[in-house]
Amino acid sequence: MLAQIQRHGSGLYCRVAPVAVPVDQPLSQINGVQNAVAVQSEAIGTSLYTGPGAGSTATANSVLNDVLVAAKHLINGYRMIRNQKRSVSLTVTRFDQLPQTYLGIGPVAPEAVKYYANEADFSVKTIADDCYQITGLSAVKRKKLRANLPLTLIPIAGTTDWKQVTENSITSPINVAI
C-alpha cells in the first residue's frame, strides 16, 4: 500500500492504493511492520524516514501516545493550533484520473492486449507470461481495457504523464509506504 500526495501547479494529486514500486527506489525495500515516508524537496532532494508502524506493539504504542497527547492538551486547555500563514487553495484530484503506466496481470494473450493498445492508443510491453507493462493508460482507456480483458491493473509509482496535465513544474512529491 502506498499513500501518495503530490503538488503539481495549482493541483494536489492524491492516492492510497496498492502500487508497484520499482526496485531502484528506496521504498521498495520497506517490508514487514515497517512504514516509511519518502519526501522529495528542492532543498535536499529525496529523504526517507522509516520506523515500525504496524503490528500489535507498534500500533499500541502509537495509540497510547495519541491518547496521552490529547489528554495533555485537554488538561492544559488547548483547543486548537492556529496557523497564522495564509493557505493556498488547491484543486484535489485522484492520481488514478491521470495517464500513467500500469502492470497488467492476468491470463490474457499478448495479441489481445496489443489489439486493445492499437485501438485505444497506449503501448504494451510483455514482461513475463500473463504480465504486461502498459504505458499511457488514462482513466477512460483503463476502464475500457478492464471491461474487455480480465486484467488486474496496478499503477507503477512515479510514472504519471504530467505533460498531459499541464506545463507547470512538479514540486514536492510525498510517498508513504503503509
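Here is a short walk through the structure above, from its nonpolar cores to its aromatic pairs.

Keep in mind that this is a predicted model, where local features need pLDDT of at least 70 and side-chain atom pairs count only at pLDDT 80 or more, while totals for chains, interfaces and linings use all residues. Residues are numbered from 1 along each chain as its sequence is written, and side-chain values use heavy atoms, with hydrogens and water left out.

Let us start inside. In soluble globular proteins, nonpolar side chains tend to be buried together. The largest nonpolar core here has 15 residues, and Phe122, Ile134, Leu145 and Leu151 have the most contacts inside it. (A nonpolar core is a set of buried Ala, Val, Leu, Ile, Met, Phe, Trp, Tyr and Cys residues joined through side-chain atoms within 4.5 Å; buried means under 20% relative accessible area, exposed over 50%, and partly exposed in between, with a 1.4 Å probe and protein chains only.) Two elements, α2 (110–120) and β8 (131–137), give two or more residues to this core, and α2 supplies the largest share, four residues. Helices (H or I, at least four residues) and strands (E, at least two) are DSSP runs, numbered from the N terminus. Apart from this core lies another one of seven residues, including Leu2 and Val19.

Now look at Gly136, in strand β8. Gly136 is partly exposed, with a relative accessible area of 22%. Leaving aside neighbours within four places in sequence, Gly136 is in contact (heavy atoms within 4.5 Å) with Gln100, Thr101, Phe122 and Lys141.

Next comes Arg142, in helix α3 (residues 139–148). Which side chain of opposite charge is nearest to Arg142? That is Asp96, 4.0 Å away, yet buried Arg142 has no salt bridge. A salt bridge is a side-chain nitrogen of Lys or Arg within 4 Å of a carboxyl oxygen of Asp or Glu; Lys and Arg count as positive and Asp and Glu as negative, while His and the chain ends are not counted.

Finally, find the rings. The whole structure holds four aromatic pairs. Rings of Phe, Tyr and Trp (its six-membered ring) pair if their centres lie within 6.5 Å; planes under 30 degrees apart count as stacked, over 60 as edge-to-face and the rest as tilted. The ring centres of Tyr13 and Phe95 are 6.3 Å apart with planes at 50°, so this pair is tilted. Both Tyr13 and Phe95 are buried. Phe95 also forms an edge-to-face pair with Trp162, 6.2 Å centre to centre and 70° between the planes. Together, Tyr13, Phe95 and Trp162 form one aromatic cluster.
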